[in-house]
Amino acid sequence: MEKKKFLERDDLETTSMEPLSPMSQMLSSPNLFIVITFGFKTKCNPSAFVEGFKTTLINAPRFSSKMVINYKKNGEPVWIPVSIRIEDHVTVPDLDYPNIENPDQFLEDYTSRIANIPMDMSKPLWELHLLNIKTSNAESVLLAKIHHSVGDGMSLMSLLLACSRKTSDPSALISNTSATKKPVKSMISAWWLIAGLWFMIRVTFTTLVEFFKLMLTTCFLRDTKNPLMGNPDDGIQSWKVIHRIISFDDVKLVKNTMNMKVNDVLLGMTQAGLSRYLTTKYDGYTMSQKKKILEKIRFRGAVAINLRPATNIEDLANMMTKGSKCRWGNFIGTIIFPLWIKSEKDPLEYVRRAKATMDRKKISLEAFLFYGIIKFTLNFFGGKAVEAFGKRIFGNTSLAFSNVKGPDEEISLFGHPISYVAGSALVGSQALNIHFISYVNKIIINLAVDTTTIPDPHQLCDEIVEALKIIKSAVQEKRSHNMEV
């Protein structure tokens, strides 16, 4: 494993340094990074990418800096700017493409292979792999391996938008897309004061409850041992990274019919899929026994929450500019989300439960408290304590979950139209990481699993996809019934 390079005393006096943010400090291990797959509709031109990144990527400070240890500051890591040569970070493997029998399997194996290699910490923390391989969903592929301390999903999505252009107009940046805003009702009576007071009471009470649960998880409260939970003391033995593309319209159908957010639907179908998968893992038990086992399971996920005040696509595209309302880097919190792992007859109960739980979490300030705890720990106890805190949170929960919204219209990267964007963040000691990324009319399900714990990730993915189909069917039946009534 690569060690973080120490900053020499003489260099310390002349080098411009920037400390890592609290979350970047927690994610500073060489084994914590993000693997992103860009599928293109055309064959890729490596020279076009190299020249394109020379005028875009190196303008992002984190991509032209490396992490070193500042011995004058208790051995904490810092960023220092360095000169960079794009070609040193781009790999174009010499492959015998005509003789690759199964391109999809080859891409999966190649992605998993680079996911099992710790990041080289002696240079800026990113690398690119260009493969002119035709798969089921693309004519060529770009794999990006980026250390998580460089930025979170929102930061990296902003970078993609800043580098890309509209497919319909190669000279234009992506159009602005604003989030839907709820109309604000005028309240000029005493009820406004009463409602506001009641809301503050709910926020305070819910925050205290969720903070108490967070502290219990940090100290000793672990999930029930289950087939999807690895042993945090063993660490990750072997990563397997896969993805699956589904229709965004199916998710929107459920969202609109059930009057909820996209994230609620994704969490609901995840709960349903995990329940289906776990039901198959208790051989030798009757269905009634399996149902009782699932009812007793404590199964929670560490869900990443974006803390930026503005998350519209237009703000993300300008995130790297001075004075932007958005913040580059890792400005995220985490909530401990209890998943509804049950054998439900009504498939819509999974999405209802997801919405109810997330609504309660939104009222609380748990995500901000998590970030505040990380910052407080870093300031008073140092980076080692922050890393230990993160290990406790991730080690006591069963999975990591996130959802990143991508562009609503097709874009191209240096003249290459993008077919899809997939990505997995390999963080913590959980054996299961589930991430969703939307792109135009597609949602990409991304699974990163430790195969020593979960040897059949494709079956797990199948169950999640099948869960959405069942939920969609139930929604259509509900709509049909309502129309008849």
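This report describes the secondary structure, sheets and helix packing of one protein chain model.

The model is predicted: local features require pLDDT of at least 70, side-chain atom pairs count only at pLDDT 80 or more, and totals for chains, interfaces and linings use all residues. Residues are numbered from 1 along each chain as its sequence is written, and side-chain values use heavy atoms, with hydrogens and water left out.

## Overall composition

The protein has 14 helices and 17 strands; these are DSSP runs numbered from the N terminus, with helices (H or I) of at least four residues and strands (E) of at least two. Of its 485 residues, 53% count as buried. Here buried means under 20% relative accessible area, exposed means over 50%, and partly exposed lies in between (1.4 Å probe, protein chains only). Among contacts between residues at least 6 apart in sequence, 79% join residues at least 24 apart, a contact being heavy atoms within 4.5 Å.

## The sheet of six strands

An open sheet of 6 strands has the order β10-β17-β16-β13-β11-β12, with mixed pairing. The strands β10 (239-247) and β12 (332-338) stand at the edges with a single partner strand each, so one side of each has no neighbour in the sheet. Neighbouring strands of this sheet are turned by 20° against each other on average, direction ignored. Two strands are taken to pair if DSSP finds at least two bridges between them. In general, strands of a sheet pair through backbone hydrogen bonds, either parallel or antiparallel.

At one edge, β10 and β17 (residues 442-450) pair in the antiparallel sense over 9 bridges, and K240 has V449 in β17 as its bridge partner. Helix α7 (residues 248-258) packs on the sheet, where it touches β10, β16 (432-439) and β17, and its direction makes about 70° with that of β10. Such axes are lines fitted to C-alpha atoms, for helices over the stretch in contact, and angles run from 0 to 180 degrees between N-to-C directions.

At the other edge, β11 (residues 300-306) pairs with β12 in the antiparallel sense over 7 bridges, and R300 has P338 in β12 as its bridge partner. Of the 7 residues of β12, 6 are buried, so this strand is largely enclosed by the rest of the structure.

## The sheet of seven strands

A further open sheet has 7 strands in the order β6-β7-β8-β3-β15-β14-β9, and its pairing is mixed. Its edges are β6 (90-91) and β9 (164-166), each with a single partner strand, so one side of each is left without a neighbour in the sheet. Strands β6 and β7 run parallel and are joined by 2 bridges; V90 stands opposite L128 in β7.

Two helices that pack on this sheet are set out below.

| Helix | Strands touched | Direction |
|---|---|---|
| α4 (residues 103-115) | β3 (33-40), β6, β7, β8 and β15 (416-426) | about 15° with that of β8 |
| α5 (residues 153-163) | β3, β8, β9, β14 (411-413) and β15 | about 60° with that of β9 |

The loop between β7 (126-131) and β8 (140-147) contains T135. This residue counts as buried because its relative accessibility is 10%. Leaving aside residues up to four places away in sequence, T135 touches P103, D104 and L107.

## Strand β5 and its partners

Strand β5 (residues 76-81) is mostly covered, with 5 of its 6 residues buried. It runs antiparallel to β2 (residues 18-19), to which 2 bridges join it, and P19 stands opposite V78 in β5. Strand β4 (residues 65-70) also runs antiparallel to β5, with 6 bridges between them; S65 has P81 in β5 as its bridge partner.

## Helices α12 and α13

Helix α12 (residues 366-381) has 16 residues, which at 1.5 Å a residue should span 22 Å; its end C-alpha atoms are 21 Å apart, which agrees. The expected span is 1.5 Å times one less than the number of residues. The buried residues of α12 are E366, A367, F370, Y371, I373, I374, T377 and L378. They cover an arc of only 155° around the axis, which puts them on the same side of α12; the arc is that of the directions from the helix axis to the C-beta atoms. The face turned away from this buried side carries the exposed residues N379 and F380.

Just after α12, G382 takes a positive phi of about 95°. The axes of α12 and α13 (residues 383-395) come within 7 Å and cross at roughly 145°. The contact involves F370, I373, I374, T377, L378 and F381 of α12, together with G383, A385, V386, F389 and I393 of α13. These residues divide into 9 nonpolar, 2 polar and no charged. Ala, Val, Leu, Ile, Met, Phe, Trp, Tyr, Cys and Pro count as nonpolar, Asp, Glu, Lys and Arg as charged, and the others, Gly among them, as polar.
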